Each structure stands twice: as C-alpha cells, then as structure tokens.
Amino acid sequence: MNNPIIRRELVGVLRNWRTAAAEIIFTMTLIGVVLLRWPTNAQVSLSGRQSQEMLRLFGYAFMTAMILIVPAFSAVSMVREKQAGTLALILNTPLSPWSVFSGKVAAISGVIALLMGLSVPAAAACYAMGGVSLRVQIEPLYLLLALASLEYTVVGLYISTRSNRIDAALRSTYATVFALVALAVIPQEFAQGRLTGLPAQVCQWLAAFSPLPAILQVFGQSGVTHAGNMSAGSAVLRYVVVSIVVILWGTRATLQRLNSGLFDRPRSAGTITDESSGGVQAYRRVMYLWFFDPQRRSRLIGPLTNPVMVKEFRTSRFGRSHWMMRMIGACLIVSLALMLAAARGSEVVNTRTMGAILVILQSALIIIMTPGLAGGLIAGEIESGSWQLLRMTPLSARSIVLGKLLSVGRTLLLLLLATLPGYAVMLVIDPNEKTQVVEALVSLVIMAVFALLASAAISSFSRRAATATATAYGFLAVLCAGTLLAWLGRGSLFGFTLVDWILRLNPVAATLSAIHAPGFGHYGLIPLTWWIMAYGCGLAVVVLVLRTWRLTRPQ
Amino acid sequence: MNGEYVVQTENLTKKYGEFTALDGLTIQLEKGKILGFIGPNGAGKTTTIKILVGMALPTAGWAKIAGIDCSTRSREIKKLVGFMPDTFGGYDNMRVHEYLDFFGAAFAIPRAKRQKRVDEALETTGATAMRDLFVESLSHGMKQRVAIARTLLHEPPVLILDEPANGLDPTARVEMRHILLNLAAMGKTLIVTSHILPELARICNMVAIITGGKLRAFGTLDQIMHDVREKRMIEVQLAAREDVAKAAATLTAVLGPQAQVQESLAEGMVRFTTTQNDAALVRMLAALVDAKIAVAQFRDVPQNLEDAFLSVTQAAQAPDKADGEKIAAGGGRA
C-alpha cells in the first residue's frame, strides 16, 4: 500500500455504495444459482453429473458478472481523472507512469479479488456435492477468470487513456470485451471440420482471444467452439498465452500514453472545406462524396426539423454522417461476407446458422451501441450543464425527448438496414424461411426500440452520463445475456418450462427462436416476448416522459 | 406593468424545507440599466436568478420581467430573457455556428433570419472569428463570448449573466466590460453577478448586495457608497510634519478618547475613522485651524465597492443588527 494510487482508488471504490450493491448482487446471484439447483431429495448423482452442471452454471454466471463489472471500473478510471483534471496533477507528481498504472490495476484487481472471495462459498458448495475436481476444474476456472479480469482491466485502462468522454470509453470497452469474448470464437465455428492447415490454425488462435474455449475445456464441454476436438490443454494454454500477450501489450501501450503528451492536444483549427483551395475541395468531394465530408459547413437546421435531433446527430460521433457511413459500410461488408459464404455452398454455412449469426451480430450491435448512444441522452445534458440551457428555450419536454429518441433511433435503424442483405440471401437460398425472417426482423426492431427506450429512461434518473450508461449496459446485459444462463443449463439443471418462461424476457432469445437457431427452435417465445417488450417500451416511455417533464418544470 | 421597470420583484421568498434561501427580496430595475448583483457564496443570488428565469418557483412573493410573471408564465419569460449560467453548457463535436444555430432553432427563429442573427450576435461579442471552431476547443474567454452570443440570439430585452468575467484574464476582462456596456447601450437590461467587484463597479448603474438570502443594500453605486459605509476614513495632510502629534491630539479631543487616530510622521499625515456626518467634519477642520495647524488637505478617502460590500456583509453579521435590517438606502427602488 505504499503506492498512494492504490490506497486512493481502492478506498474510493470501496466507499462507493454502488460497489457494495454490486458485491451483494453478485454474491446473491451466485448463491441463488447454487441454491436453485441444490438437491432437495437427499439423492446425489454418483457420477457427479449434477455437480458438474452446477459448476458450469456457476462458472458461466461468474464469467458474465466479470465481463459486466470489470469494464465499468477500468473504462472510467483514466477518463474520469482526465475530465476532473486530477490526472494532470498526478502526472506532475514524482509518481512514475508505472506507479499510476499499477496502482489502478491493483485497485481494480482488489475489487475483483474481493468478488472472487465472495464467490468461494458457492464454488465450495459445488465441490461439496462431489464429482468436481479442485485441481482440474475449480482452480483453473478461477485462474482463467482472474486472467480474463486482468486482461479486461488493462484493455479498459488503455481505452480510458485514449477516450475523452466517459460514455465513449464505456462503449468502446464493452464493445472490445464483447469482441474478445464472443466475436473471436465465430471464425473457429466456421472453420471447425471445414478448414485445415494455416487458416484453421489462424482461426484457433483467434478463438484463443476468448476465454470461452478454455473455460469450456475446463468443464469438459465441446459445444460452440468444439474445444473438445483440440488437443488436451491446448485451449487453456492458448488462452493463457494470448491473454498474457494482450496484457503486456496493453500495459506497454497504456504506459506510453501516460505522460504529458496526453494533454498536449492542439486546438482545432476549425478548417472548413468550403474555404479551402480548389484542389482540396475537389479531393474531399471525391473522398467523402461531398455530403459526408465532416469539414463541410453544415446547413442551418430546417424549419420542420426537430433541432434537438439535429444537435444530437452533430454532437454524437456516430451521428456524424461520415462515421455513420463507416459503420454502415462495416455492417454491409459483414453482411456481404456472409452472403458470399452462403452462396459458395450450403454445406459450409446453412441458412439457419447464417441466420443465427446475423441475429447475434445485430443483437450485439444493438446491445453495444444503444446504451452508449442513449445512456447519456438526459444524464449527459445534466452533467455538462447544458440541460438548464435547454430548459431556457421554449422547447417542450416532448420535443426534447422526441428529438433525442429520433436521433438514436435513426442510427439504429440504419445499422439494422445495413445487415438486411444477409436475410435477402437467406430468402433466395430458402424461400420457405420467409416467416422466420420476418419474425426475426420484427423481434430485432422491437429489441432495438426497447433497448433505446429503456436506456433513455435509465438516463433520466442519473446526473452522470457514465453511471447511466453503465447501468443501461448492465440492465441490457443481464436481460439479454444473464437470462441465457438458464438456457445453458437447460435439460439438466432447469426444466424446459422454466427455461421457456425465463427466455420470454429475453429479446435476443426470442429473435433466435424466431429464426429457428440451433438450440432455440423448440421454444415458443413469439409473440409473448413481443408483448412483454411492448409493455416494457410503454413503461419506459411513461417513465421517460414523466422524468423529463419533472426535469424541465420549475423547481 | 407600470411601464417603468423591466425587472421587478416583490417580497420574493424561496424556502427549501426549513432553509430560507431567499427572504423577501424587493427590487426594481429600469430599462437599459446594469444591475450588479453581489453577495457571498450561498447568499441567494442563484436562487433569485433561477426564479427570474422561470427555473424555480418562489415560496412567496412574485417576480416579473417586462410585466410577465416569472412563475406562471415561464414559457414567455424564456423569450424575454437571455440567460448565461455560470457553466458554459457546451457540446462536443459542434462548431460555434452549429451551436448557435441549434439554440436559434430551439428559440424558433425562422431559418431566413437565423443566419443573420447568428452573425450579428457573433459580431456584437467579437466572436466572429470563432464561428468555425469546435466549442470544446475554445478557451475560457472565447467560451464566455460565445455564451453571451447565445443569449443574444432571440433578441431578449433582459440579459441575466452569472459570473461572466469569472476566470478571464485582464485583457479578456476589459473586453468583456466593453461588450456588456455595449449591450446596455443597445437598450438591454442586464443583471450581472460577479465576485470581481472592481470590475462590476466600472459597469453597473445599480448594485444589489445580498447576504443570507436578504437584500442588504440596493441603489446606485453612489448611493451605496454614501449610505453603506458606517465609518468614513478621513485623511488630513499637514503642511508641516512637526504638527502631526498636535493635530492628532486636537482630533482626539474632538472625537473622544475612543477615536482611532493614526499618525504618520513620514507622510506628515493624520488619519482617522468616524461615523459622524459632514457637519461634524466641518467642526473638526475648524478645530485644527483654530489650533493654528496648517492643513494642506482634509479629505474623505474614497471607498470602493469592495469596501462597501465588506461593510455590508460585516454589518449583516454583527449581532447587534436586527436580522432583517437593510443597511443601505435606496428603498428597493431604482
């Protein structure tokens, strides 16, 4: 504790009531998971099947919690100090960048260690049931999760040094963690049994960025990443190697940024293409197709346009047309790649697998983008002090809310539209899938609307964009990923009916069910999930309007 | 509306539970005047401003701007008031002209007029060169100019500026002073809060001093100076240094043994403080002359707004003062 950063960070975090709340929720969840499946009929499976299943459920819940909690601490750590001006003060002290970095890592690791300590009774309960190996399963599980937490801490801190806004840091960190956990394993899913040689090796190493294959191997499962086909210990070893490389890279990159250069940013020159030379104008017209040129002088807000909506577009990075086009372009490329894969042979990718991947991609886009865009809609204005300026305009609460919702809604709509070609290919390959595709699209739209309204409603309760964004991420992650834990324990730990009921709350599961994705085809989630989401949307709208009205009226 | 006052408050009171943030504030302000609204932190300035701009409702009393009640017709008040809070309220990734265009559109200024209004506001505040810069890249002084430009967009008759000179360098402060004086010359009525009292004293026609939620002084600067000070400092410059002790003794005899008379042999000067009026000062000067002391100068040391402010706030804290006693004259009318 000689490092003052550790003391300040750790004490600061532990004093925060949110940390205590997270610890309590975390502990209660793990205890709940174990208690739910604890044998009540005084019979224990001698094969250890039940305890193994309980351990798996515990492990997945634990991993989900880590993925949700770690970025919330690491992503805001540096950027908040930058905004408050304390990072400049710290860097002006004799403390070295390593002291600052290690102090923050140690403080976050301290919280993670505390959570791990709180999880021990639940793990011990699994062990006490018998059939679970301490050396082969529980210890490696803890090691992998500790390594993953450290990796995401370092990645989050690096992103935090690069960000200037807390919500942007949170969004980028959660997106990166999601990519590392989930997207990294998708190529291997394609490659397994179909690719050999170097391409297969590349896919395997890419999958090693995710802790999933290693954890599955510890649990002795194959499943999504076919870890069982690997040589013994290879997935765990690969992940350990890759995560250490990522940690070392992240540490070096963060340390390189922790100097006065962090604040050595020139003021914008305010360059405007309209006033540039003819050559520059011609070049930018070609490169940005003129309309998407970010340096083009924007036109005045139109008479029939909601000014708040335009303001949101202009102030949000992803609202600016050139960024929007980049994202849409990326979505189109992914969609076209899937189309190409499907066109080359249905034995490589069948339509249902492709549909499932499309749904997962779109759901991930919605879950990653929406809280980042909508979480700060109200809270960000209050935090920056611009809310009282909005209150001083004749704009009604309805106009403000509508403008803000439309700005995020349009971005989400364009992203969803960009992935439509994939569905078109599905219909070309198998016209009988039309009903499934339509239901999946309706589900996705409802999911996007719900995510938007829920994030905006959460935003109206907070005075800090970071808190609102993190809460919105947490809420959607618990709803969309947390409830999938029940699906993971289907058949053995949880009965069909219970899983069916839990999945009805999950719009991602409903979409996967609509598209008849493997493992979800048996659940009849539609239209009940649509109704639940519709009621949720209605509730969010009422809350949002009431809160905004309260915030705009005289105190 | 009586047609005379642009800003009026009557017995304006705001309570938060048991805490009284504002207690019976009564002021009036004519068109084209600049009111310096001063007080220590937590005095009730921001509460008053919030009520005036329609963001807070008074517990008792009323406030009107151009005859419009600030509580019941807050939507109309928004069009009559340009409010600059103490925080800038900027947006990232937005250029200055986009920022002003947004607020212009929010105030429903027609598109055809908006560009002209933005250009005029930028010109008035000397911020034309900043129109293409991103607001987050502006210096503090630049932001203050843009913030004032924002308040001017919808051409409000009343501007309420919370700490416009706060954090500005001397040059920017002088420029800010010119901007505010120009606005007053344009016929705008300004309410300006500031902790930089010498700066405020140079631009304000009227001053209101508020402490503990109560109005302690209100009037023109001269009125405040004249009425607020309880003790005047008088300097007596003597023709001969050797008369210093004799002059001090003479003044002590007139003022009484409790008088605070300071001798400065090096300067050949005697200073004393008194609460007595001009007639008493005439008697003191006569006593010196009668004592055959050659007096080169006998003058009232001018006090500034800071002195007045300190005098008022100290008087307000004095235990022998009635809690609600207003120290200054001016009667809440100007």
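Two residues are in contact if their C-beta atoms, placed from the backbone, lie within 7 Å. Keep that in mind as we go around.

What you have open is a predicted model, where local features need pLDDT of at least 70, side-chain atom pairs count only at pLDDT 80 or more, and totals for chains, interfaces and linings use all residues. Residues are numbered from 1 along each chain as its sequence is written, while chains are lettered from A and ligands numbered from 1 in the order in which they are written.

**Stop 1: all of chain B**

Select chain B and color it by secondary structure. You'll find 11 helices and 14 strands; helices (H or I, at least four residues) and strands (E, at least two) are DSSP runs, numbered from the N terminus. Along its principal axes, the C-alpha trace of chain B spans about 80 × 45 × 35 Å.

How do the contacts in chain B reach along the sequence? Take the ones between residues at least 6 apart: 70% of them join residues at least 24 apart.

Next, a word for the rest of the tour: a residue is buried if 20 or more other C-beta atoms lie within 10 Å of its own, exposed if 12 or fewer, and partly exposed in between, with C-beta atoms placed from the backbone. Buried residues make up 49% of the 334 residues in chain B.

Now color chain B by domain, using bounds that come from an automatic or database domain assignment. Domain 1 is 5–227 and domain 2 is 231–300. The C-alpha centres of these two domains of chain B lie 45 Å apart.

**Stop 2: a hairpin in chain B**

Select residues 206–220 of chain B. Strand β9 (residues 206–211) and strand β10 (residues 214–220) are here. They run antiparallel and are joined by six bridges; two strands pair if DSSP finds at least two bridges between them. Click Met206(B) and look across to β10(B): Thr220(B) stands opposite.

At the turn, two residues sit between the strands, and one to click is Gly212(B), which takes a positive phi near 55°. Is β10(B) mostly covered or mostly open? Mostly covered: six of its seven residues are buried.

**Stop 3: helix α9 of chain B**

Go to residues 244–255 of chain B. Helix α9(B) has 12 residues and reaches 16 Å from its first C-alpha to its last. That is close to the 16 Å expected at 1.5 Å a residue, where the expected span is 1.5 Å times one less than the number of residues.

Show side chains for Val244(B), Ala247(B), Thr250(B) and Leu251(B), which are buried. They cover an arc of only 130° around the axis, which puts them on the same side of α9(B); the arc is that of the directions from the helix axis to the C-beta atoms. Why does that spacing work? An α-helix has 3.6 residues a turn, so residues three or four places apart point the same way.

Spin the helix around: on the other side, Ala245(B) and Ala253(B) are exposed. To see what covers the buried residues, turn on β11 (232–238), β12 (261–264), β13 (269–274) and α10 (278–290) of chain B, which are included in the cover. Just after the helix, click Gly256(B), whose phi is positive, near 105°.

**Stop 4: a loop residue**

Jump to Ala129(B), in the loop between α4 and α5 (140–152) of chain B. Buried or exposed? Ala129(B) is exposed, because 11 other C-beta atoms lie within 10 Å. Try a distance to Tyr5(B), 124 residues away along the chain: the C-alpha atoms are separated by 36 Å.

**Stop 5: all of chain A**

Switch to chain A. There are 25 helices and zero strands. Of the 555 residues of chain A, 46% count as buried.

Color chain A as domain 1 (4–37 + 47–263) and domain 2 (303–552). Their C-alpha centres lie 25 Å apart. The contact takes 21 residues from domain 1 of chain A and 23 residues from domain 2 of chain A. On the domain 1 side, α3 (49–84), α7 (166–181) and α8 (186–191) of chain A each supply at least two residues. Which helix gives the largest share? That is α3(A), with nine residues.

**Last stop: where the chains meet**

Show both chains together. The contact takes 37 residues from chain B and 29 residues from chain A. On the chain B side, select α2 (74–80), α3 (96–106) and α4 (111–124), the elements that give two or more residues. Of these, α3(B) gives the most, with six residues.
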